[in-house]
Amino acid sequence: ADGDGILSFSMALAAAAGWQPADALHGGKITVRRAIKSYVAAKRAADGEATAEDARGRLGLHVLREDEDGKPLPGPRGLGDRAVASLTLTELRAWRDDLVSRKDAAVSRSTANRIIANLKAAFNRVFADEKSGITSDAAWRRLESFKDADSQREEHFAGPEVARLIREARKQDAPFADLLTAAFYSGARYGELSALDVRHVNASRRT
């Protein structure tokens, strides 16, 4: 074994002991995934488990584009493996606009603004560390939220009318009636509800 192409067991063991991925080094490449992980940990310490899990789920789904098991979702690739320092304003604007226009699971503009706020907070946290190697926050600092996105939703049906609609729908199509019920009580969009799986429901936390 010459120590170049082929290593003896002891040489390989020594090399493995001293190896760390670049992203694990303080001051190494800070990826979007690492920034989110740090932010969620800080939220857990400051605001509790429920708030941290809410942020983790939101950022995992819409920024990393992964399910709860870390598996990639269909559609556009997430930003997880990108270095925070390499992100551009143009790229972040395209990501923001895709949030509200995506065919598979578009979100409302108000929901998009919450996701943007969480992501900016995650980036600001790693940027504040002088050892992060990130020299500018211009890209995400200049990323605009959607204007007039938090106006109150117009109510098209009164409570009794919704109850009647669900009752009549159940006579024709029980799964669709369940979808109507979930939409009415959660305020979620149909695309978001259709993408849910049983594992996304936490009965003990009512989330």
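Helices (H or I, at least four residues) and strands (E, at least two) are taken as DSSP runs and numbered from the N terminus. On that basis the protein chain runs α-α-α-α-α-α-α-α-α from the N terminus on. The count is nine helices and zero strands. The model is predicted: local features need pLDDT of at least 70, side-chain atom pairs count only at pLDDT 80 or more, and totals for chains, interfaces and linings use all residues. Residues are numbered from 1 along each chain as its sequence is written, and side-chain values use heavy atoms, with hydrogens and water left out.

The accessible surface of the protein chain is about 13500 Å² (Shrake-Rupley method, 1.4 Å probe; for residues, only the protein chains shown count as cover). Carbon and sulfur atoms hold 54% of that surface. Of the 207 residues, 30% are buried. Buried means under 20% relative accessible area, exposed over 50%, and partly exposed in between (1.4 Å probe, protein chains only). A contact is a pair with heavy atoms within 4.5 Å. Among contacts with a separation of 6 or more, 55% join residues 24 or more positions apart.

In soluble globular proteins, nonpolar side chains tend to be buried together. A nonpolar core is defined here as a set of buried Ala, Val, Leu, Ile, Met, Phe, Trp, Tyr and Cys residues joined through side-chain atoms within 4.5 Å. The largest such core has 32 residues. Val32, Ile36, Val63, Val84, Trp95, Leu119 and Phe123 touch the most other members. At least two residues each come from α2 (32-47), α3 (49-64), α4 (89-101), α5 (109-127) and α6 (138-141). The largest share, seven residues, is that of α5. Val84 contacts Ile30, Thr31, Val32, Ala35, Phe123, Ile134 and Trp140, leaving aside neighbours within four places in sequence. Apart from the largest core lies another, of five residues, among them Val162, Ile166, Ala177 and Leu180.

Helix α3 has Ala52, Ala55, Arg58, Leu59, Gly60, His62, Val63 and Leu64 as its buried residues. Their cover includes α2, α4 and α5. His62 lies in this helix. His62 counts as buried because its relative accessibility is 6%. Not counting residues up to four places away in sequence, His62 touches Trp95, Leu99, Arg102, Ala105, Val107 and Ile115. Arg65 follows α3. The place of Arg65 is in the loop between α3 and α4. Its phi is near 60 degrees, a positive value in a residue other than glycine. With a relative accessible area of 5%, Arg65 is buried.

Arg65 also recurs in the second largest pocket, as one of the residues closest to the pocket centre. Pockets were found on a 1 Å grid over the protein atoms alone: a pocket is an open set of points where a 1.4 Å probe fits, with protein on both sides within 12 Å along at least five of seven lines, and lining residues have an atom within 4 Å of a point. The second largest pocket holds about 310 Å³ of space. Grid points are joined across faces, edges and corners, and the volume is the space filled by probe spheres set on the points. The lining has 20 residues, and Arg65, Pro76, Arg77, Gly78 and Leu79 are the closest to the centre. Helices α3 and α4 each give two or more residues. The largest share, four residues, comes from α4. By class, the lining has eight nonpolar, three polar and nine charged residues. Ala, Val, Leu, Ile, Met, Phe, Trp, Tyr, Cys and Pro count as nonpolar, Asp, Glu, Lys and Arg as charged, and the others, Gly among them, as polar.

Three further sites involve pairs of residues distant in sequence. Lys37 is found in helix α2. At 66% relative accessibility, Lys37 is exposed. Lys37 and Ala122 are 85 residues apart in sequence, with 8.4 Å from C-alpha to C-alpha. Leu143 sits in the loop between α6 and α7 (159-172). Leu143 is buried, at a relative accessible area of 4%. Leu143 and Leu92, 51 residues apart in sequence, are 7.0 Å apart, C-alpha to C-alpha. Beyond four places in sequence, Leu143 touches Leu89, Leu92, Arg93, Trp95, Arg96, Ile116 and Lys120. Arg189 lies in the loop between α8 (174-186) and α9 (190-194). Arg189 is partly exposed, with a relative accessible area of 38%. Not counting residues up to four places away in sequence, Arg189 touches Ala106, Val107 and Ser108.
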